[in-house]
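Visitor: Could you take me through a close look at one part of this model, its second largest pocket? I'd like to know which residues line that pocket and where they come from.

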Amino acid sequence: MRTTTMTQTPPMPPGYLDTPAAWRSADLAPGEWAHVLSVAEAAEIAAAARALAARDLDLATVTAADFPLPAFGPRLAALHRGEVLEGRGFAVIRGLDPQAFSRRENGALFLGIGAHLGAFRPQNAAGHILGHVKDLGRSGDDPNARLYQTHERQTYHTDSCDVVGLYCLKPAKAGGRSSLVSSVTLYNEMRRRAPELAAALFQPIETDRRGEVAAGELPWFNIPVFNWFEGCFAGMYQRQYIESARRFSEVPPLTETQVAALDLLDALAEDPALHLEIDFQPGDIQLVNNHVLFHDRTAFEDWPEPERRRHLLRLWLAPPDAQALPPVFAERFGTAAPGARGGVTVSPDRWVAPLEA
């Protein structure tokens, strides 16, 4: 069984954190996070996608060599390193037209770009490395449902990977906005307003795996919301899953201090002065660093026609040059080693890249 025992109080940062990821919405110039492709760059990506899709190749095995980007590749690497991993924690690549591609070409396009950024990680117990964010008629009240399978608001959370990528094929009729907030800023604000509550979030807290349990694992993991390790901050959070973990008799109820800390965290994340909301456009590729940002998706109204309904593709990525993480992250990430961590525990021989939701 993969478990980590905390034998001492986890460390906190020595003070407030002043990093590019510690932003408020007013700190960001409108659209500074959007990188619009040139005509030549979009054409290069399109050509690589069509060439890859035409090959008799399992898309789950795609590598960067299968998707050559001689002109755009250096720019992609620079924005990923400079803005996602070391900067504000996110970026949006804009200017693609998903309607110009077949289903397989869109899958090849997104997987090809992702292969330049890091290793793919499985997103569910079925071993899907290409995820589909789409309303499948499920409910957040189902303890084994994942909120991305519903039309409901997700609330602020992190995914179980270093970087999550989303590729918008079709937006919703209304709603479904992407909302981002700096978890570094949330820590700074909590330390300023209620340091004892900030300290409480550096203690391990049980979080439900929501049915995605591999052999030898407990149905929950026990990792702090806030973490400080080798000079790096890392957040991990999903309030609904923390609360649903209490359905297991072995998991104790939340303490008053824990509830107060989580309530303050949620209230700060909801502050419009702290979070940024983005309307997805068709073709947008959003890259988000889970360690320094929490992300949310507002509830949405979908189109009645099945072919028009909101549909995003998703990747969970493990960049080889991602930040250091504390050993406790192995409970959720399998290992804390960069380049091979994150995702749901599934044997690699079962990984697949489905083209249908």
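Guide: Sure. The second largest pocket has a lining of 20 residues, and the ones nearest its centre are Thr19, Leu85, Glu86, Val292 and Gln323. Bear in mind that this is a predicted model. As for where the lining comes from, two elements each put in two or more residues: helix 2, spanning 72–85, and strand 11, spanning 232–235. Helix 2 has the largest share, with three residues. Sort the lining of this second pocket by class and you get eleven nonpolar residues, six polar ones and three charged ones. Its volume comes out at about 280 Å³.

It helps to set the largest pocket beside it. That one has a volume of about 330 Å³, and its lining also counts 20 residues, with Arg103, Leu169, Lys170, His311 and Leu355 lying nearest the centre. Here the elements supplying at least two lining residues apiece are helix 3 (103–115), strand 5 (163–170) and strand 16 (311–318). Helix 3 gives the largest share, three residues. The class split for the largest pocket reads eight nonpolar, six polar and six charged.

So, back to your pocket, with the pieces put together: about 280 Å³ in volume, helix 2 as the top contributor to the lining with three residues, and a class count of eleven nonpolar, six polar and three charged. If you want a spot to centre your view on, Leu85 and Glu86 are among the residues nearest the middle of that pocket.

Key. Residues are numbered from 1 along each chain as its sequence is written. This is a predicted model: local features need pLDDT of at least 70, side-chain atom pairs count only at pLDDT 80 or more; totals for chains, interfaces and linings use all residues. Side-chain values use heavy atoms; hydrogens and water are left out. On a 1 Å grid over the protein atoms alone, a cavity is a set of points where a 1.4 Å probe fits but cannot get out, and a pocket is an open set with protein on both sides within 12 Å along at least five of seven lines; lining residues have an atom within 4 Å of a point. Grid points are joined across faces, edges and corners, and a volume is the space filled by probe spheres set on the points. Helices (H or I, at least four residues) and strands (E, at least two) are DSSP runs, numbered from the N terminus. Ala, Val, Leu, Ile, Met, Phe, Trp, Tyr, Cys and Pro count as nonpolar, Asp, Glu, Lys and Arg as charged, and the others, Gly among them, as polar.
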